[in-house]
Amino acid sequence: MKTTKTKTQFFSLCFLIPLFIFQACGQNTKKTTSKTVSMENKISKPGNPYYSNTDTAKLNVSDAEWKKVLPEDVYAVMREADTERPFTGKYWKSDEKGTYYCASCGNKLFRSTAKFSSSCGWPSFFEQDNKKSVVYKTDNSLGMERTEALCGRCGGHLGHLFDDGPEPTGKRYCMNSIALDFIPDSK
């Protein structure tokens with residue numbers, strides 16, 4: 001009788017051990033899948049060798065080279081300091097949560113948590129992602145003195161910085177939608 005009980009316990013273990021192993025393997029597969037999903041959120045621009053959402057090395061690329069890799073409308077704003085018409089850009093009214101990047105080089109610029117609704121017709125932010133993501137230059141065009149906001153990595157024109165934003169900074173980064181790319185937060 002003891003032999004039969006021992007055999008039954010042995011066969012039960014032989015059945016249960018593989019079951020636990022398969023269960024563990026199934027859990028690993030799920031983790032791998034979620035990593036793949038988050039990687040799909042990176043922006044890929046195969047025709048632009050300078051674009052990266054992770055590289056922060058400063059770029060020194062000629063306007064002639066940018067003209068080859070950027071769409072005409074993006075080039076006009078980012079390299080010639082053109083401005084898109086107000087209330088026409090894809091991000092001026094957006095309240096989706098995520099991160100904004102430079103449309104030319106992929107540099108991380110702003111988080112949606114710093115975006116606010118302004119009546120100016122362009123997407124507005126009260127602070128940049130980090131102190132190197134946006135740099136500034138005095139702009140005396142159009143007969144007025146303004147502060148031009150440029151991408152800290154590629155030097156592309158993003159828009160202008162004004163001192164009429166909300167607290168805590170009092171700043172308004174008034175950006176051209178066409179100069180921005182957006183990656184929504186993973187859900």
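Two strands are said to pair if DSSP finds at least two bridges between them. Strands themselves are DSSP runs of E with at least two residues, helices are runs of H or I with at least four, and both are numbered from the N terminus. With that in hand, strand 4 and strand 8 pair in the antiparallel sense over 2 bridges.

What you're looking at is a predicted model, where local features need pLDDT of at least 70, side-chain atom pairs count only at pLDDT 80 or more, and totals for chains, interfaces and linings use all residues. Residues are numbered from 1 along each chain as its sequence is written, and side-chain values use heavy atoms, with hydrogens and water left out.

**The overall layout**

The chain has 3 helices and 9 strands, and reading along the sequence gives α-α-α-β-β-β-β-β-β-β-β-β. Of its 187 residues, 39% count as buried, meaning under 20% relative accessible area (exposed is over 50%, partly exposed is in between, with a 1.4 Å probe and protein chains only). Contact here means heavy atoms within 4.5 Å. Among contacts with a separation of 6 or more, 56% join residues 24 or more positions apart.

**The sheet**

Six of the strands, in the order 3-4-8-7-6-5, form an open sheet with antiparallel pairing. At the edges sit strand 3 (115-116) and strand 5 (134-139), each pairing on one side only. Strand 7 pairs with strand 8 over 4 bridges, and strand 6 (residues 146-151) pairs with strand 7 (residues 157-162) over 4 bridges. In that second pairing, A149 has G159 as its bridge partner in strand 7.

Strand 8 is a nice place to zoom in. Which residues stand opposite Y173 in strand 8? F125 does, and so does L161. In a regular strand the side chains alternate between the two faces of the sheet. Here, R172 and C174 point one way, Y173 and M175 point the other way, and all are buried.

**The core**

A nonpolar core is a set of buried Ala, Val, Leu, Ile, Met, Phe, Trp, Tyr and Cys residues joined through side-chain atoms within 4.5 Å. The largest one has 27 residues, and W66, M78, L109, F110, L158 and M175 have the most contacts inside it. Several elements each supply at least two residues, including helix 2 (63-69), strand 1 (98-102) and strand 9 (180-184). Helix 3 gives the largest share, 4 residues. Leaving aside residues up to four places away in sequence, M175 touches E84, F110, W122, P123, F125, A149, L158, G159, H160 and L180.

**Two pockets**

On a 1 Å grid over the protein atoms alone, a pocket is an open set of points where a 1.4 Å probe fits, with protein on both sides within 12 Å along at least five of seven lines; lining residues have an atom within 4 Å of a point. A volume is the space filled by probe spheres set on the points, which are joined across faces, edges and corners.

| Pocket | Volume | Residues nearest the centre |
|---|---|---|
| Largest | about 220 Å³ | T56, N107, N130, K132, S133 |
| Second largest | about 170 Å³ | K93, S94, K115, F116, S117 |

S117 lies in the loop between strand 3 and strand 4 (124-125). Is S117 buried or exposed? S117 counts as exposed because its relative accessibility is 74%. The C-alpha atoms of S117 and S94 are separated by 9.0 Å, although the two residues are 23 residues apart along the chain.
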